[in-house]
Amino acid sequence: MTDPTIPVTEDELHAYVDDELPAERRGDVESWLAAHPADAERVAAWRRMAEALHARYDAVANEPVPPRLDLELLDRKPRRWILGAAAASLAAFLAGGAAGWVAHGAASPPALLQNVTGEALDAHRLYVVDVRHPVEVPGDEKAHLQQWLTRRCGRTVQAPELEATGLKLVGGRLLPGPTGPASFLMYESASGERFTVYATKIAIEAAQMRYTTQDNAAALSWAERGVGYVVTGGTDRTRLTQVARLVYDQAERSGG
């Protein structure tokens with residue numbers, strides 16, 4: 001038996017939105033929402049966000065998790081083909097104006113960077129549809145998130161500030177990368193639009209930015225100082241470039 005005088009928790013509100021709340025508690029939650037307009041507005045906003053995410057990503061929500069996203073890979077040795085990728089030609093990253101900032105197929109991107117991009121796109125499509133648990137560490141624990149990922153990834157990890165593009169940090173998680181752990185950060189706009197920033201050590205000193213599309217997602221990827229970066233979002237290339245440019249500029253200033 002439940003007690004309607006017990007305050008409704010955040011988890012219960014999320015469960016209510018996701019239709020996972022026990023039937024005997026639904027009436028209590030609905031009474032609570034009727035008496036607490038602020039919580040009712042939050043629930044309405046979460047529902048709008050969930051509907052937008054489902055409309056955009058339901059086609060891929062039920063796909064199996066790609067084997068390369070298995071966390072057990074974090075403890076395995078680097079793949080053999082990495083040794084060959086290390087010998088790839090180094091390309092100078094074009095950091096000038098918009099006309100030359102993104103490569104347009106003048107040369108083939110290194111195979112290793114292509115693989116990193118594929119993993120980042122898979123991770124984006126897997127986690128971006130999750131409303132309740134899209135990340136391991138929430139954005140309001142940013143300092144802890146950065147320290148944890150820095151320690152696990154063996155490089156300085158700093159979450160970019162993307163408020164200028166209307167994006168707020170949702171949080172992040174640890175994922176397997178081609179040569180070890182990868183950091184995965186998620187950002188979200190007020191309308192529910194989500195972008196992710198995937199970064200991992202890579203056996204390429206530098207590679208210019210490349211644009212890749214896959215189904216209903218697109219990515220801009222590059223390498224700088226031995227780290228591969230992939231910014232993934234929707235297929236609006238202008239919007240994606242705006243976000244990726246801000247990530248690149250901050251990574252350049254911070255050195256990671």
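Let me begin with Asp215, which is exposed, with a relative accessible area of 58%, and I should say straight away that what we are looking at is a predicted model. Asp215 sits in the loop between strand E5, residues 206-214, and strand E6, residues 217-224, and although Asp215 is not a glycine, its phi is positive, at about 55°. That deserves a moment of attention because most residues other than glycine have a negative phi.

A second residue belongs in this part of the talk, namely Arg225, whose phi is near 55°, again a positive value in a residue other than glycine. Arg225 is placed in the loop between E6 and strand E7, the latter covering residues 227-233. Why does Arg225 count as partly exposed? The reason is that its relative accessibility is 37%, and the partly exposed class lies between the cut-offs of 20% and 50%.

Let me now step back to the chain as a whole. Its secondary structure comes to 8 helices and 7 strands, and of its 256 residues, 49% count as buried. If we take the contacts with a separation of 6 or more, 62% of them are accounted for by residues that are 24 or more positions apart. The chain exposes about 12700 Å², and carbon and sulfur atoms supply 53% of that area.

From the overall figures I would like to turn to one residue of the interior, His124, which lies in helix H6, residues 111-127. His124 has a relative accessible area of 0%, and it is therefore classed as buried, since that class takes in values under 20%. The side chain of His124 also makes a polar contact, at 2.8 Å, with the side chain of Thr196.

The last topic is the largest pocket, which holds about 740 Å³ of space. Its lining is made up of 24 residues, and those that lie nearest the centre of the pocket are His14, Val131, Pro138, Val170 and Glu188. By residue class, the lining divides into 11 nonpolar, 4 polar and 9 charged residues.

Which helices and strands each supply at least two residues of that lining? They are helix H1, residues 10-17, helix H3, residues 37-61, strand E1, residues 137-138, and strand E2, residues 168-177. The largest share of the lining, 4 residues, comes from H3. With the structure in front of you, you may like to locate H3 and then the five residues nearest the pocket centre, Glu188 and His14 among them.

How values were computed: Residues are numbered from 1 along each chain as its sequence is written. This is a predicted model: local features need pLDDT of at least 70, side-chain atom pairs count only at pLDDT 80 or more; totals for chains, interfaces and linings use all residues. Side-chain values use heavy atoms; hydrogens and water are left out. On a 1 Å grid over the protein atoms alone, a cavity is a set of points where a 1.4 Å probe fits but cannot get out, and a pocket is an open set with protein on both sides within 12 Å along at least five of seven lines; lining residues have an atom within 4 Å of a point. Grid points are joined across faces, edges and corners, and a volume is the space filled by probe spheres set on the points. Ala, Val, Leu, Ile, Met, Phe, Trp, Tyr, Cys and Pro count as nonpolar, Asp, Glu, Lys and Arg as charged, and the others, Gly among them, as polar. Buried means under 20% relative accessible area, exposed over 50%, partly exposed in between (1.4 Å probe, protein chains only). A polar contact is a pair of N or O atoms within 3.5 Å; within protein, one must be able to donate a hydrogen and the other to accept it, and residues adjacent in sequence count only if both atoms are side-chain atoms. Contact means heavy atoms within 4.5 Å. Accessible areas come from the Shrake-Rupley method with a 1.4 Å probe; for residues, only the protein chains shown count as cover.
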